[in-house]
Amino acid sequence: MSDAPVIHHFIHGAAVESSSGDYFDSLDPATGSVVARVAAGNAQDVDAAVHDARSAAGSWADVTPVQRAHVLFRIAAALRAEAEPLALAETLDNGKPLSQARSDVESSARYFEYYAGAVDKLQAETIPMGPDYLSYTRFEPYGVTAQVIPWNAPLQQAARGFAPALAAGNTIVAKPAEDTSLTCVRLAEIASRCGLPDGVLNVVTGLGEVTGDALVRHPEVDKIAFTGSLPTGQLVMKAAADRVVPVTLELGGKSPNIVFADADLDSAAAGAIRAITLNAGQICSAGSRLLVHRSVHDEVVQRLVALSARVTVGPGVRDPDMGPLTTEDQWRRVRGYLDLALEEGTSFASGGKVPTDSALRGGWFVEPTIVVGVASQMRIAQEEIFGPVLCVIPFDDDAEAVQIANDTDFGLVAGIWTTSLSRAHRVAAQIKAGQVFVNEYFAGGVETPFGGYKRSGIGREKGLEGLRQYLQVKSVTVRI
């Protein structure tokens with residue numbers, strides 16, 4: 001569309017054109033139409049943003065915690081005041097249903113609110129070394145942080161990293177995903193209007209292999225936070241290793257959602273459908289493996305099929321239950337896994353196709369799919385699909401459930417459905433995952449630490465642990 005808005009970089013409190021003059025199209029996943037023209041950043045743009053963040057780092061770190069909190073509270077209020085236009089922009093850019101986009105705006109506001117309330121309550125320690133010494137610790141920011149934002153929840157993921165980093169006194173240079181840059185830039189503009197000093201939060205848009213690579217390799221970056229795929233996270237970690245720069249990595253998942261025979265099957269089935277269709281399954285913590293006790297396997301599958309048939313699919317602006325996949329590449333990837341599922345000898349209890357509705361032909365839609373006859377060693381049970389594809393795997397006892405749950409390279413989230421509290425606690429302790437939900441999937445929120453075991457990542461986001469990721473600890477010892 002010829003009247004599509006142009007999205008520039010945001011550096012030193014203002015829109016800045018791409019130094020190369022290059023821009024690219026951001027597309028609506030539901031129609032394939034152009035939503036915006038986005039600046040294609042390069043190393044020169046990154047360098048300008050990082051140096052600006054470096055210049056602002058000292059003064060922002062010196063701002064008292066309570067003064068930083070005031071700015072963050074204002075950002076939270078502004079996000080709520082602009083919730084509807086932000087949600088619409090997120091839906092057009094990302095494809096998710098409007099109600100889910102609105103929820104993401106509220107979550108984003110909560111991040112700023114939560115860390116605003118926490119930052120002046122972080123208390124360090126005194127260390128007993130006897131009467132001749134005073135020894136204590138102090139928290140200090142890293143300085144310039146690089147944040148690489150994914151495309152599946154661009155506004156919420158940006159807020160999740162920005163709020164604790166700013167609360168801790170760091171400055172930020174962010175690189176949003178090229179497919180979904182709109183709300184990240186708007187968040188930076190809102191923060192500036194709310195009194196965040198120029199240079200404290202800069203955004204450089206562009207391609208990952210150009211802009212993202214230049215950012216994570218920049219010699220003036222002191223800390224890197226990345227959310228995305230395992231292969232890209234490994235490249236980020238290698239780049240950070242060259243300079244021994246600390247990283248927070250939130251990577252992939254292949255999360256088990258375990259239904260025991262004594263579970264409330266109606267609740268478990270409804271939770272399992274939500275765990276795989278929310279955001280079209282494009283969530284690193286999606287419950288993509290449903291482990292079901294063999295004695296109730298068929299009952300659960302029947303419930304899943306009935307529930308998936310009621311899932312509405314359509315453009316996000318119509319607020320269906322499930323929108324399109326966000327990128328054409330991801331759409332092709334998911335369709336490739338559906339073909340692989342049949343090659344591996346499984347079958348589809350429901351779904352498995354592209355919707356036939358003519359109104360959806362211009363977008364990247366896939367039906368919610370229930371795959372049965374799945375064995376744990378199959379690729380579809382081991383590899384992250386990142387789409388609305390649920391693999392159902394039977395088990396015979398608690399020990400086998402735990403064994404299958406832990407039988408992947410990932411360890412991000414797990415779900416447990418049971419009426420036995422002793423089983424819930426026992427199994428939760430045995431599962432190698434950073435977060436475990438019991439009798440409700442996606443339970444928890446801003447306050448609960450989130451991160452992975454194994455190849456699901458390093459470090460934690462959310463909660464007070466998320467704030468600590470952006471603080472260094474210094475010990476000071478004085479002989480009296």
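Modeller: Helices (H or I, at least four residues) and strands (E, at least two) are DSSP runs, numbered from the N terminus. The model before us is predicted: local features need pLDDT of at least 70 and side-chain atom pairs count only at pLDDT 80 or more, while totals for chains, interfaces and linings use all residues. Residues are numbered from 1 along each chain as its sequence is written, and side-chain values use heavy atoms, with hydrogens and water left out.

Colleague: How many residues has helix H8, and what span is expected?

Modeller: The expected span is 1.5 Å times one less than the number of residues. Helix H8 runs over residues 230-243, 14 residues in total. From first C-alpha to last it reaches 20 Å, close to the expected 20 Å. Just after H8, Val244 takes a positive phi of about 55 degrees.

Colleague: Which residues of H8 are buried?

Modeller: An α-helix has 3.6 residues a turn, so residues three or four places apart point the same way. Buried means under 20% relative accessible area (1.4 Å probe, protein chains only). In H8 the buried residues are Leu230, Gly233, Val236, Ala239 and Ala240. Their cover, judged by contact (heavy atoms within 4.5 Å), includes helix H7 (208-216), strand S11 (223-227), strand S12 (247-250) and strand S18 (410-411).

Colleague: How many cavities of 30 Å³ or more does the structure hold?

Modeller: Rolling a probe the size of a water molecule over the atoms shows where empty space is left. A cavity is a set of points, on a 1 Å grid over the protein atoms alone, where a 1.4 Å probe fits but cannot get out; lining residues have an atom within 4 Å of a point. Points are joined across faces, edges and corners, and a volume is the space filled by probe spheres set on them. The structure holds five such cavities of 30 Å³ or more, and the largest has a volume of about 80 Å³. Of its 13 lining residues, Gln147, Val148, Ala225, Thr227 and Glu461 are the closest to the centre. S11 gives the most to this lining, with three residues.

Colleague: What is the order of the three strands in the open sheet?

Modeller: Two strands pair if DSSP finds at least two bridges between them. Here the order is S1-S5-S4, with mixed pairing. Strand S1 (6-7) and strand S4 (23-27) stand at the edges with a single partner strand each, so one side of each lacks a neighbour in the sheet. S1 pairs with strand S5 (residues 34-39) in the parallel sense over two bridges; the bridge partner of Val6 in S5 is Arg37.

Key
Buried < 20%, exposed > 50% of the residue type's maximum accessible area, 1.4 Å probe, protein only. 1 Å grid on protein atoms, 1.4 Å probe; cavity = no way out; pocket = protein on both sides within 12 Å on 5 of 7 lines; lining within 4 Å.
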